[in-house]
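I opened this structure to look up how its helices and strands are arranged. These are my notes.

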Amino acid sequence: MVGATLASLLSRSGFSVALVEAHEPLPFDAEAEIGLRVSAISPGSAAVLGQAGAWKSISAERCRPYRRMQVEDGVELEPLLFDAPVFNLESLGTIIENSLVQWSLWQVVSSGGQVDLYCPDMLDKIEPGQNQSRISLNSGAQLSADLVVGADGAASPVRKAIGIRQDYRSYNQHGLVAVVGKQNPNPGVAWQRFMPGGPLAFLPLADGRSSIVWTRPSIEAQRLLALDNDTFVEELDAASSGWLGRVESCGPRAAFPLSMRLSESYTAHRTVLIGDAAHVVHPLAGQGVNLGFADAAALTETLIRARLAGNDIGAASVLQYYDRWRRAESEAMAFGMHALRSLFSHDSLSPLRRIGLALVKRSWTVKDLFLQRAAGLGKNAPKLATGTTLRDLMRG
Ligand SMILES: Cc1cc2nc3c(=O)[nH]c(=O)nc-3n(C[C@H](O)[C@H](O)[C@H](O)COP(=O)(O)OP(=O)(O)OC[C@H]3O[C@@H](n4cnc5c(N)ncnc54)[C@H](O)[C@@H]3O)c2cc1C
């Protein structure tokens, strides 16, 4: 999602771009069952995808905007509510299948001949040079580039090839996902209940069902995965009791290990990292890929500025600007999620939690700050997320 977004943004800005991808995404099939992997895409990310040329086709397909976020801790009776109109937003975000985002972006980068596609192909090695880097692919193809971007996910071979170290912490938790139908259809609310083992989220889908992300300690998640459907539904019912009535249906389940990964630097030797290659955060606020889209927009902005100033786009001074900007943002988000997770997972912290929740409920400023950042529209957001167009950026 993130690499193809950057490839499109850069090629639309007049840069010459090659994209290396191991697997071509499968065509999106709107008749097929809703996929297990979905993302809450913020308004800022939607604007970036718009500039990348993919938002129109994404938003015309199966996706669901949500106007309310409801947060509970299972103890306090009154939930914490965030309503889009209160913050002058049309929606707080849109729940979209990852496969739809990937397929729409693929359509953009593979049409028009603006991006040189190497697919299926994989990185073999990178040899950084004084003025350019040489890249060898498994197919035997050789490329040279002023700048190499690693948008190759959490295990990033690019990051390893250039020797950037990472701080890795496993949460010993898995995020269990499934498509779930409740007695009453989801009215467009992203609902989350924090519980000692981890949060349970219901995200609204286009057909009134919800996509759940149930964070549990890894052993417990394996147990939940192994349950027969009826027993799982009973346990899910108990965990989400009261909200939208009984659980009436539940599709296949899958679980993903959760970790926090922070790269020590986002740049070295004419190479830069974006998306999960640079950082992985806990999914409890649905911010992972949104940070990645903001990286893509911020890097595009950085490179356009460098070009306007006549600078080498692979120069360390140019890339350090991106590094400082995005590392500060991603680390703030990662540690914010880390702190929230700790606050809600220890019963001993419940007095602190109650005070915190009460403060957030009462303070419009705190709510506003939180929401602006979650919507991808905070004060350090890239210009492309806040309404500036590629054309405006290119005019300087
Ligand atoms: C349970 C769960 C729920 C989540 N929910 C949300 C959410 O609601 N909102 C949100 O913002 N985020 C969410 N996230 C996080 C989000 O899924 C990730 O941040 C996002 O998928 C990362 O995208 P990416 O493009 O950076 O990396 P990836 O999706 O990992 O893509 C990497 C790409 O690189 C390719 N590749 C890898 N190695 C090579 C190679 N050697 N050569 C060529 N190509 C290669 C791969 O084929 C792939 O296409 C969630 C995560 C989890 C686990």
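The entries below go through some helix contacts, a sheet, one residue and a hairpin in what is a predicted model.

**Entry 1: helix H1**

I began with helix H1, residues 2–12. I looked up how much of H1 is covered, and found that 10 of its 11 residues are buried. The buried residues of H1 are Val2, Gly3, Ala4, Thr5, Leu6, Ala7, Ser8, Leu9, Leu10 and Ser11. After H1 comes Gly14, and I noted its positive phi, near 95 degrees.

**Entry 2: H1 against H4**

I then checked how H1 packs with helix H4, residues 98–110. Their axes lie 9 Å apart, at an angle of about 35 degrees. I recorded the crossing of H1 and H4 as left-handed. On the H1 side the contact uses Ala4, Thr5, Ala7 and Ser8, and on the H4 side Leu105, Val108 and Val109. I sorted the residues of this contact by class and got five nonpolar, two polar and no charged.

I wanted a reason for the spacing of such positions along a helix. An α-helix has 3.6 residues a turn, so residues three or four places apart point the same way. Ala4, Ala7 and Ser8 are among the H1 residues in the contact.

**Entry 3: H2 against H8**

Next I took helix H2, residues 43–51, and helix H8, residues 288–308. Their axes come within 9 Å and cross at roughly 45 degrees. Because of that angle, H2 counts as oblique to H8. The crossing of H2 past H8 is left-handed. I listed the residues that meet: Ser45, Val48 and Leu49 from H2, with Asn290, Phe293 and Ala297 from H8. The contact of H2 with H8 divides into four nonpolar, two polar and no charged residues.

**Entry 4: a three-stranded sheet**

In what order do the three strands of the open sheet lie? I read the order as E2-E6-E3, with antiparallel pairing. E2 (38–41) and E3 (63–66) are the edge strands, each pairing on one side only. From one strand to the next the twist averages 20 degrees.

I looked closer at E2 and E6, where E6 covers residues 93–97. Four bridges join these two antiparallel strands. Ile41 stands opposite Thr94 of E6. H4, the partner of H1 in my second entry, also turns up here: H4 lies across E2 and E6, at about 85 degrees to E6.

**Entry 5: Tyr66**

I picked Tyr66 in strand E3. Is Tyr66 buried or exposed? Its relative accessibility is 6%, and the cut-off for buried is under 20%, so Tyr66 counts as buried. I then listed what Tyr66 touches, leaving out residues up to four places away in sequence: Ala40, Ser91, Leu92, Gly93, Thr94, Ile95, Gly188, Val189, Ala190 and Pro204. One of these, Leu92, is 26 residues from Tyr66 along the chain, and their C-alpha atoms are separated by 5.9 Å.

**Entry 6: the E9 and E10 hairpin**

Last I looked up strand E9, residues 133–137, which pairs with E10 in the antiparallel sense over four bridges. Arg134 stands opposite Ser144 in E10. The hairpin has four residues between the strands, and Gly140 has a positive phi near 100 degrees.

Which side chains of E10, residues 142–145, are buried? Leu143 and Ala145 point to one face and are buried. Gln142 and Ser144 point to the other face and are not buried.

Key. Residues numbered from 1 in each chain as written. Predicted model: local features only at pLDDT ≥ 70, side-chain atom pairs only at ≥ 80, totals over all residues. Heavy atoms only, no water. Axes fitted to C-alpha atoms, helices over the stretch in contact; angles between N-to-C directions. Left-handed = near helix turned anticlockwise from the far one by under 90°. Contact = heavy atoms within 4.5 Å. Nonpolar A, V, L, I, M, F, W, Y, C, P; charged D, E, K, R; others polar. Parallel < 35°, antiparallel > 145°, perpendicular 65-115°, else oblique. Pairing = 2+ DSSP bridges. Buried < 20%, exposed > 50% of the residue type's maximum accessible area, 1.4 Å probe, protein only.
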